[in-house]
Amino acid sequence: MSVIATALKHLIAAGVSGDDLVRAVAEMEAAVAPSPPARTARQERNRRYYELRSQGVSAKSWGVIRRAVIKRDGYRCRYCGVSVTVPQIDHIMPLSRGGSSRLKNLCVACKPCNSSKRDMTASEWGGVQ
Ligand SMILES: [Zn+2]
């Protein structure tokens, strides 16, 4: 018998019922369920690659695409013009909004712009806040 089942048995035996029982189970489940550990940089990179692969872009071709975007745009943010040492690649029309990972939908962005823009289109976003 699980810890929760045992506790439940005791609560029922003690006359607890209805909403109090439901609340108690929810609290126990929350206490038992471990919170997911913070992702490492490598795990985050892997997650990103799997996400790309689910969109039909392999990790290998993402590397090729990324280099092509950097070659075209240079090490300069398309949105604010700042020069970047570690360019991020932004989906101009976000993937979540039906954008693609084709070159015409990608540009170099600095981290502040890319983080601030999130899943907005360039016109919705309107620049770093
Ligand atoms: Zn920028």
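The following questions and answers concern a zinc site and helix 4 in a predicted model. Local features need pLDDT of at least 70, side-chain atom pairs count only at pLDDT 80 or more, and totals for chains, interfaces and linings use all residues. Residues are numbered from 1 along each chain as its sequence is written, and side-chain values use heavy atoms, with hydrogens and water left out.

Me: Which residues coordinate the zinc ion?
Reply: Donors are N, O and S atoms within 2.8 Å of the metal (3.2 Å for Na, K and Ca). Along the chain, the donors of the zinc ion follow the spacing C-x2-C-x29-C-x2-C. At 2.2 to 2.3 Å, the SG atoms that coordinate the ion belong to Cys77, Cys80, Cys110 and Cys113.

Me: Is Cys113 buried or exposed?
Reply: Buried means under 20% relative accessible area and exposed over 50%, with partly exposed in between (1.4 Å probe, protein chains only). The relative accessibility of Cys113 is 0%, so Cys113 is buried.

Me: On which side of helix 4 do Trp62, Gly63, Ile65, Val69, Ile70 and Asp73 lie?
Reply: Helices (H or I, at least four residues) are DSSP runs, numbered from the N terminus. In helix 4, Trp62, Gly63, Ile65, Val69, Ile70 and Asp73 are buried. They cover an arc of only 170° around the axis (taken from the directions from the helix axis to the C-beta atoms), so they lie on the same side of helix 4.

Me: Which exposed residues does the face of helix 4 turned away from its buried side carry?
Reply: Just after helix 4, Gly74 has a positive phi of about 75°. Within helix 4, the face turned away from the buried side carries the exposed residues Lys60, Arg67 and Lys71.

How values were computed:
Helix = DSSP H or I, 4+ residues; strand = E, 2+ residues; numbered from the N terminus.
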